[in-house]
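The exercises below concern the interface between two protein chains. Each sets a task and then works through its solution.

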Protein chains: 2
Amino acid sequence: MQFSSALLESAVNEFSRLPGIGKKTALRLVLHLLKQEESQVTQFSETIARMRSEIRFCKRCCNVADGELCTICSNSYRQKQLICVVENIRDVIAIESTQQFNGTYHVLGGVISPLDGVGPDQLNIDALVERIDQEQTEELIFALSPNIQGDTTIYYVQKKLSGKNVRITTIARGIAFGGELEYADELTLGRSLQNRLPVEKYMNR
Amino acid sequence: MQFSSALLESAVNEFSRLPGIGKKTALRLVLHLLKQEESQVTQFSETIARMRSEIRFCKRCCNVADGELCTICSNSYRQKQLICVVENIRDVIAIESTQQFNGTYHVLGGVISPLDGVGPDQLNIDALVERIDQEQTEELIFALSPNIQGDTTIYYVQKKLSGKNVRITTIARGIAFGGELEYADELTLGRSLQNRLPVEKYMNR
């Protein structure tokens with residue numbers, strides 16, 4: 001692409017460095033910003049810069065936070081004895097959006113994946129073990145991806161916690177609501193038969 | 001979406017205001033920036049803000065420019081007597097990318113479209129007429145969209161220039177290179193038959 005302005009070109013280059021944004025999309029975004037009021041663009045750029053420089057990570061659950069603790073950990077109405085272990089911040093947002101969980105979280109920052117060079121030391125596992133010792137945690141709910149890496153991580157943490165008085169569970173896997181049986185994979189369908197529920201429990205939802 | 005940080009939320013909101021970017025994409029982009037070095041994010045935001053505040057429009061052709069004139073107009077190797085009239089900056093970039101045009105441009109800033117409330121006064125048409133008077137322009141090449149609005153604009157400018165000694169042309173319309181005849185629309189195919197070329201001219205390309 002040939003630009004007639006170096007300012008335009010560098011702005012397009014900056015945008016096209018973002019994931020999933022190519023040169024053409026970047027140009028469209030930059031030309032859109034060029035049409036906006038200068039104050040709006042200033043606000044855009046300042047918000048982004050401030051987000052990066054001022055955001056912190058909750059010293060308790062490693063979630064993003066504006067202060068020392070995130071809004072979930074500092075909320076006294078949430079059950080502190082219930083910890084949901086997730087891979088990243090996006091998972092926290094997904095579970096929060098269901099408005100069905102009233103415990104707290106622990107963000108691991110990834111899952112154990114030797115092929116990608118991620119071992120237990122790179123994850124926030126030690127902080128989790130410490131929390132369980134200090135906070136009298138009653139239940140640890142794993143909400144990790146259902147694959148080898150996720151299962152390995154669950155297994156590793158479980159081993160680390162052996163002997164401690166804490167219930168370890170994982171979120172239910174099964175046929176999604178609205179999912180058609182014929183399109184479900186065999187593993188999911190087979191497991192959902194094994195882990196069947198009494199109808200009363202199903203109807204309560 | 002429920003965020004546990006106001007800083008994160010406002011950054012996501014800023015991104016999701018851009019065209020074609022929803023909340024989920026915005027979150028993905030913000031989390032990507034969060035993983036980058038702080039200096040990189042500062043550079044991103046500063047580049048965008050500087051682009052908006054410092055960019056100017058070429059006083060000759062209305063293209064984007066870093067100074068008074070754009071790099072095309074200030075390039076002494078380009079043929080100043082040849083002006084290609086385009087709708088917007090994106091068209092300039094598209095034509096420049098072909099590396100086949102050595103003249104200068106004139107960016108109209110749109111086309112005449114009464115339904116959208118765009119009349120000749122909102123476009124840079126007067127500046128074009130002035131340029132033709134001052135610069136001894138030999139040829140005006142219209143590269144506008146082939147629709148009613150584009151055609152109306154060509155007609156309007158042509159009327160304004162009647163009596164002046166300037167050739168007015170439009171870029172060729174026809175079957176695209178690599179285009180299959182059976183998928184071409186009737187109008188394009190019919191016109192490309194009417195405006196057929198001698199084989200020698202075709203082979204020269």
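Two exercises on the interface of chain A and chain B follow.

This is a predicted model, in which local features need pLDDT of at least 70, side-chain atom pairs count only at pLDDT 80 or more, and totals for chains, interfaces and linings use all residues. Residues are numbered from 1 along each chain as its sequence is written, chains are lettered from A in the order in which they are written, and side-chain values use heavy atoms, with hydrogens and water left out.

**Exercise 1.** Describe the interface of chain A and chain B by its contacts, buried area and polar pairs.

*Solution.*

Step 1. Count the residues in contact (heavy atoms within 4.5 Å): 53 residues of chain A touch 53 residues of chain B.

Step 2. Obtain the buried area (the accessible area, 1.4 Å probe, that two parts lose on being put together, summed over both). It is about 5200 Å², and carbon and sulfur atoms give 70% of it. A:Ser4, A:Leu7 and A:Arg52 supply 14% of the area that chain A buries against chain B, more than any other three residues.

Step 3. Search for salt bridges (a side-chain nitrogen of Lys or Arg within 4 Å of a carboxyl oxygen of Asp or Glu). The rule finds zero across this interface.

Step 4. Assign the side of chain A that touches chain B to helices (DSSP runs of H or I, at least four residues) and strands (E, at least two), numbered from the N terminus. H3(A) gives the largest share, 13 residues.

Step 5. Sort that side by class (Ala, Val, Leu, Ile, Met, Phe, Trp, Tyr, Cys and Pro nonpolar; Asp, Glu, Lys and Arg charged; the others, Gly among them, polar). The result is 28 nonpolar, 14 polar and 11 charged residues.

**Exercise 2.** Characterise the packing of H2(A) on H4(B) and of H3(A) on H1(B).

*Solution.*

Step 1. Fit the axes (lines through C-alpha atoms over the stretch in contact, with angles from 0 to 180 degrees between N-to-C directions). H2 (residues 23-35) of chain A and H4 (residues 89-98) of chain B pack at about 145°, with axes 11 Å apart. For H3(A) and H1 (residues 6-16) of chain B, the angle is about 150° and the axes are 9 Å apart.

Step 2. List residues. A:Leu27, A:Arg28, A:Leu31 and A:Leu34 meet B:Ile89, B:Arg90 and B:Ile93 in the contact of H2(A) with H4(B), which has five nonpolar, no polar and two charged residues. The contact of H3(A) with H1(B) divides into seven nonpolar, three polar and three charged residues.
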